[in-house]
Amino acid sequence: MTIAYSCIANGRAVLAELTLTGGSYQEAAATVLKLVLLRAEPKTIIQMGSFVYHTLFIDGITYLCASDNALDTVTPSAFLKNMKYNKNQEDSSISTLKSQVTDVKYVMTQNIDKILEREERLNIFTDRTDDLQTTAKESQKTRKILGRIWWKHFKKIIVITMAILLSIIIILLSTNVIPT
């Protein structure tokens, strides 16, 4: 008794298959998968041609193998159960992988949020810097204008002071307080 063909299918779509002897099993396997879906029984044995197809149907997944001996049902059943148990081991590694992907996704989301927060703070800082720069330029202009005004007033004060001094000197000279 040999198992010539095995596959795992989701519905009618074959997910994985293995052919151990020469031959084309895909057509017969497609027919068996269709029948298994119609019957929706946990275990099915179907004879087609010179092969007997044994199936195990669990949660929408079909585990199928083809044997060349119609009398032996123990070996194919054990083989299918072994495929089922292997599947559960793969599920745990898949769930571990999914968990790791979820963790990575969470960390990446946190990092993106932090980057966005930093960008927002940087934009605020840039705006403040621009405002300070504008204020500094305005302050320089104001200082220049105030400096010019101060010099104008200073010149006026000097001219007025000189005029007052000259007036005092003239008055003093005209009253002969200061000898000539």
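Read from the N terminus, the secondary-structure elements of the chain follow the order β-β-α-β-β-β-α. In this predicted model, that amounts to two helices and five strands. The radius of gyration of the chain is 49 Å, well over the 16 Å that the globule rule gives for 180 residues, so the chain is more spread out than a compact globule. The dimensions of the C-alpha trace add to this picture, with spans of about 155 × 30 × 25 Å along the principal axes. Burial can be put beside these figures: 18% of the 180 residues count as buried, where the term refers to a relative accessible area under 20%.

It is helpful to begin with the helix H1 region. Helix H1 covers residues 26-39, and leucine 35 is one of its residues. Leucine 35 has a relative accessible area of 28% and is partly exposed, because this class lies between the buried limit of 20% and the exposed limit of 50%. From leucine 35 to isoleucine 46 the C-alpha to C-alpha distance is 9.0 Å, with a separation of 11 residues in sequence. Strand S3 spans residues 43-48, and the loop between helix H1 and this strand contains alanine 40. The backbone deserves a look here, as alanine 40 has a phi near 55°, a positive value in a residue other than glycine. With a relative accessibility of 47%, alanine 40 counts as partly exposed.

A second positive phi occurs further along the chain, at aspartate 59, where the angle is near 50° and the residue is again other than glycine. Aspartate 59 sits in the loop that links strand S4 (51-58) to strand S5 (61-67). Its relative accessible area is 73%, and aspartate 59 is therefore exposed, the cut-off for that class being over 50%.

Attention can now turn to helix H2, which comprises residues 74-174. Glutamine 110 belongs to this helix and is partly exposed at 33% relative accessibility. Glutamine 110 also offers a handy reference point for distance: glycine 11 is 99 residues away in sequence and 39 Å away in space, C-alpha to C-alpha.

Three surface patches complete the description. Negative charge gathers on the surface at Asp113, Glu117, Glu119 and Glu120. Of this group, glutamate 117 is placed in helix H2, and its relative accessibility of 47% makes it partly exposed. A positive patch is formed on the surface by Lys144, Arg148, Lys152, Lys155 and Lys156. Arginine 148, one of its members, is likewise found in helix H2. Arginine 148 has a relative accessible area of 57% and is exposed, because its value passes the 50% cut-off.

The third patch is nonpolar in character. Its members are Trp150, Trp151, Phe154, Ile158, Ile160, Met162, Ile164, Leu165 and Ile168, which together present about 890 Å² of accessible area on the surface. Leucine 165 is one of these residues and lies in helix H2. At 43% relative accessibility, leucine 165 counts as partly exposed. Helix H2 thus holds glutamate 117 from the negative patch, arginine 148 from the positive patch and leucine 165 from the nonpolar patch.

Definitions and conventions
Residues numbered from 1 in each chain as written. Predicted model: local features only at pLDDT ≥ 70, side-chain atom pairs only at ≥ 80, totals over all residues. Heavy atoms only, no water. Patch = residues over 30% accessible without salt bridge, like charges linked within 9 Å, V, L, I, M, F, W, Y side chains within 5 Å. Areas by Shrake-Rupley, 256 points an atom, 1.4 Å probe, with all protein chains shown as cover. Salt bridge = Lys/Arg side-chain N within 4 Å of Asp/Glu carboxyl O. Helix = DSSP H or I, 4+ residues; strand = E, 2+ residues; numbered from the N terminus. Buried < 20%, exposed > 50% of the residue type's maximum accessible area, 1.4 Å probe, protein only. Lys, Arg positive; Asp, Glu negative; His and termini not counted. Charge placed at Lys NZ, Arg CZ, Asp CG, Glu CD. Rg over C-alpha atoms; globule rule 2.2 N^0.38 Å.
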